[in-house]
Amino acid sequence: MRQRTLGTQGLTVSALGLGCMGMSDFYGAYDDTASVATIHRAIDLGVSFLDTADVYGPFTNERLVGRAIGDRRDRVVLATKFGNVRDETGAWKGVNGRPEYVRAACDASLQRLGVDHIDLYYQHRVDRTVPIEDTVGAMADLVRAGKVRYLGLSEAAPATIRRAHAAHPISALQTEYSLWTRDPEAEVLPTCRALGIGFVAYSPLGRGFLSGRIRRLDDLAADDARRSHPRFQGDNLQRNLDLVARVEAVARAKGCTPAQLAIAWLLARGTDIVPIPGTKRIATLEENAGAAALALTAADLAEIEAAAPAGAAAGPRYPERGMATING
């Protein structure tokens, strides 16, 4: 697995990461034993950039990742996040970027993960009630204390990114980016590139939709949060299935799976972009990892652009409550 550099502060990660959220939350049933095996297989394949957050579970995903990497911490670049707040019951409590919360959240994550430092610490969502300079200032204190190595933001607006980066260098901006979510191309990605900030693309397969395995809501478990996602509903679902069919046709001609094509497309968008597809299954992990070896020609990229142009996906990328927390 090749390596890529995020930012200009020295953070190097595998060109493909592993999103661990679905191992503990949101996407139906999970099996901790199978998830640990998937993480171990990822590390063996060189997919060593692991992404979690305190809110996943809540709290249980960090514990799971911590157990999985306990005897191989030196082979992993570990990223986690704070800022989205849930209580032990899973109830959402809003966004918190207050400095005292930043410090407490970091200490709690370190304990759950069983590590002495976090490689990349993100603010999961921007707290609009707290100046970003105050939040990032507290995060910078964590760097100086040796608890965190590099800083990141998630779903921040260009103006916020600039202010944050002026307060302390930001190494990575994590935002949804895929063939069905190309919003960052307008302003966010150019801002990151102007400032020398790396870009981590979460949901690079459109919450699994671009894999071609989801054809109807009944393909999802009854407790899968995607069942209420706007892009999986009604007319949106059919329009998005049409988009996937076009991607599948390009993938067949290329001799790869649609998931591999979608990930390879992101990798081809620039060496400053690192996709982090999530899975809890070894077979899917291995399929996704194969995208790193897939070379796309200019003709391939033109075909993909024709099949999935910007704005082709139908429906907002989050329900209303989720949309209210992005671009802070």
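This passage describes the open sheet of a predicted model, together with one of its central crossovers and a residue in a helix. Residues are numbered from 1 along each chain as its sequence is written, and side-chain values use heavy atoms, with hydrogens and water left out. Because the model is predicted, local features need pLDDT of at least 70 and side-chain atom pairs count only at pLDDT 80 or more, whereas totals for chains, interfaces and linings use all residues.

Eight strands form an open sheet in the order β3-β4-β5-β8-β9-β10-β11-β12, with parallel pairing; strands are DSSP runs of E of at least two residues and helices are runs of H or I of at least four, both numbered from the N terminus, and two strands pair if DSSP finds at least two bridges between them. At the edges stand β3 (17–19) and β12 (273–275), each of which pairs on one side only. On average, and with direction ignored, neighbouring strands of this sheet are turned by 25 degrees against each other, where axes are lines fitted to C-alpha atoms, for helices over the stretch in contact, and angles run from 0 to 180 degrees between N-to-C directions.

Within this sheet, strand β5 (residues 77–82) is mostly covered, six of its six residues being buried, that is, under 20% relative accessible area, as against exposed at over 50% and partly exposed in between (1.4 Å probe, protein chains only). Both faces of β5 are covered, with Val 77, Ala 79 and Lys 81 buried on one side and Leu 78, Thr 80 and Phe 82 buried on the other. Strand β4 (residues 49–51) runs parallel to β5 and is joined to it by three bridges, and Leu 50 has Leu 78 as its bridge partner in β5. From β4 the chain crosses through helix α2 (residues 60–69) to β5 in a right-handed β-α-β crossover, meaning that, with the strands pointing away from the viewer, the path from the first strand over the helix to the second runs clockwise.

Helix α2 is itself mostly covered, with seven of its 10 residues buried, among them Leu 64, Val 65 and Ile 69. The buried residues of α2 pack against α1 (32–45), β4, β5 and α3 (99–113), contact being taken as heavy atoms within 4.5 Å.

Strand β5 also pairs in the parallel sense with β8 (residues 118–123) over four bridges, and Thr 80 stands opposite Tyr 121 in β8. Tyr 121 in turn stands opposite Leu 151 in β9.

Arg 239 lies in helix α7 (residues 234–254) and counts as partly exposed because its relative accessibility is 49%.
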